[in-house]
Structure formats: structure tokens, C-alpha cells
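Here are my notes on the model. Please read them with the structure open.

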Amino acid sequence: MRLNYLFATGLFALLSIGQISAQTSFSHSLGGTAYISPNVDGIGITYSPRLNVVEIVDEVTLSVGTHLGLGFNFSSDREGSSNSFVLDLPIVAELNFGHGANPDARSSFGGFVGFGYGISKMGAEDDFGVGRNDAAGLIVNGGIRAIIMERPVGLRVSYLLNSKSDAESVLGVGIFYNIGY
């Protein structure tokens, strides 16, 4: 009950601040991410939609969004993999600055930092057995966005601090293309 009250109060405060500068915008990117945990690793395609809900100052926004990753397990030790999967679903609040902070940003360099809650499911079944990791918990992430060779690209690093007793934390490292910049 207390957590629900805290969440509702925080959401109300966020929306109230948004009324001060009521310029919301949508941004998204597409890329690839490698997911690393002690039990199993994987790679995936990552789609990152976000809603910029508060423009704090010019080219600095607060956003909510996700970095949805879908993919498969990879390992040089495992041949003949018959079943593998990767699902990464974080919900994050991020502070964006510079390039890519909003669709109107004109800087050629920028970045973001954020935190939230994430779910990561990875598994593989092959001739050597089954490897899996089913993690959930606090996620922190950050990255850079830049114009490189006239292309709007970026790098993201995330760490999901697992709160489940039967799984390990997950490190994610990815590259992406900013759509529409």
C-alpha cells in the first residue's frame, strides 16, 4: 500500500512538473545489444521508444520508455543449439541531454542516464544441457548519442541488478541508430 502511494505521488509530481513546460515528444531508436550474465549470454535486436515528458531546459529532457530486446543465445562452446531465446524488458526514466534529447535538438553530441525496473529472460537448450537466467530488478543505464559520419548513432550500457535468488545480474552493451534525427 505504501509503495502504491509513493508511486502515485511521484507520478503526480512528474505530471505536474510537465505542465510547466508542456512540450511532450516521442523519440525512438533501433539497434543491437549483447547481454552478459554468468549463466548464459545472448544477443538481440533492441527497439527503444520513449516519451519525453518534461523539457527541463533547451536540449535537456526527462523521459519514460523502454529498451525492448529480443534475440537468441550465443556461445562458441555450444553447438547444435535447438532452443534459445533472449527477452529484455526494462521500463526506465531517463535524463536526456544534447543530441537526441528531443527531435528539435541541434547538438551533434549528447547522452542519457536513467534507472527503472527490468525483466531479463535468457535461455538455451542444446547437447550440453540447459542454461538459463530469469532475472528481474533495478536497472541502471546510460549512454551517448552522436552524429558520426553524418549518421545519428549511439552506445548504451545497462546493468540489471537481479533481485531474484535463483538468477544472476545482467550486463547489456549495445549500439543503436536514432530514428528521425
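1. Definitions come first. Two strands pair if DSSP finds at least two bridges between them. Strands (E, at least two residues) and helices (H or I, at least four) are DSSP runs, numbered from the N terminus.

2. The basis of the notes. This is a predicted model, in which local features need pLDDT of at least 70, side-chain atom pairs count only at pLDDT 80 or more, and totals for chains, interfaces and linings use all residues. Residues are numbered from 1 along each chain as its sequence is written, and side-chain values use heavy atoms, with hydrogens and water left out.

3. Strand 1 and its partners. Strand 1 pairs with strand 9 (residues 170-179) in the antiparallel sense, over nine bridges. Here T33 stands opposite G174. Strand 1 also runs antiparallel to strand 2 (residues 41-57), joined by 12 bridges. S25 has N52 as its bridge partner in strand 2. The link between strand 1 and strand 2 is a hairpin of four residues.

4. The two faces of strand 1. In a regular strand the side chains alternate between the two faces of the sheet. Strand 1 spans residues 25-36. Its covered face holds S25, S27, S29, G31, T33 and Y35. Its uncovered face holds F26, H28, L30, G32, A34 and I36.

5. The core. A nonpolar core is a set of buried Ala, Val, Leu, Ile, Met, Phe, Trp, Tyr and Cys residues joined through side-chain atoms within 4.5 Å. Buried means under 20% relative accessible area, exposed over 50%, and partly exposed in between (1.4 Å probe, protein chains only). The largest such core has 11 residues, among them Y35, M122 and L160. Strand 5 (83-98), strand 6 (109-126) and strand 7 (129-148) each give two or more residues to this core.

6. L160 and V157. Contact means heavy atoms within 4.5 Å. Neighbours within four places in sequence aside, L160 touches ten residues' worth of surroundings that include I119, A135, I139 and V170. V157 lies in strand 8 (residues 151-162). V157 counts as partly exposed, because its relative accessibility is 39%. With the same neighbours left aside, V157 is in contact with V140, N141, G142, L171 and G172. The C-alpha atoms of V157 and I144 are separated by 9.3 Å.

7. A loop to check. Which residues in the loop between strand 7 and strand 8 have a positive phi? M149 is in that loop, with phi near 50 degrees. E150 is there too, with phi of about 65 degrees. Most residues other than glycine have a negative phi. M149 is exposed at 76%, and E150 is exposed at 72%.
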